[in-house]
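Student: Could you take me through a single part of this model in close detail? I would like to see how one strand sits among its partners, and then look at some backbone angles.

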Amino acid sequence: KNSGWIHRSQLKKSNSLILLNDQVLFKSPSKFSKPIAKLSKGRLLLVEKCKQKWCNVRTSNYDGWILNDGNWGIKE
């Protein structure tokens, strides 16, 4: 329930998204691939690319794929 304003000069031009639910980061774009990490709700992720319902993302020390379902920032 936080709200506020951010001047556009303070925004990054890179694609990013915020998780609205806890999700698992996978090695490849499949639920059957190796899980890498569990990401918590509210986590900021930098988006490398998206294909179909999966996005290749980067955060801290992790790179992998998440299901782009109910995230804020990237729409398909």
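Tutor: Happily; here is a walk along strand 1 and then through two loop residues. This is a predicted model, in which local features need pLDDT of at least 70, side-chain atom pairs count only at pLDDT 80 or more, and totals for chains, interfaces and linings use all residues. Residues are numbered from 1 along each chain as its sequence is written, and side-chain values use heavy atoms, with hydrogens and water left out.

Strand 1 covers residues 16-19; helices (H or I, at least four residues) and strands (E, at least two) are DSSP runs, numbered from the N terminus. Its side chains alternate: Leu17 and Leu19 are buried and point to one face, whereas Ser16 and Ile18 point to the other and are not buried. Buried means under 20% relative accessible area, exposed over 50%, and partly exposed in between (1.4 Å probe, protein chains only).

Strand 1 pairs with strand 4 (residues 44-51) in the antiparallel sense over 3 bridges; two strands pair if DSSP finds at least two bridges between them. Here serine 16 stands opposite leucine 46. Strand 7 (residues 71-72) also runs antiparallel to strand 1, joined by 2 bridges, and its asparagine 71 is the bridge partner of leucine 19.

Now the angles. Glutamine 52, in the loop between strand 4 and strand 5 (54-59), has a positive phi near 55° though it is not a glycine. Glutamine 52 is exposed, at 69% relative accessible area. Serine 60, in the loop between strand 5 and strand 6 (62-67), has a positive phi of about 40° and is not a glycine. Serine 60 is exposed, with a relative accessible area of 62%. Most residues other than glycine have a negative phi.
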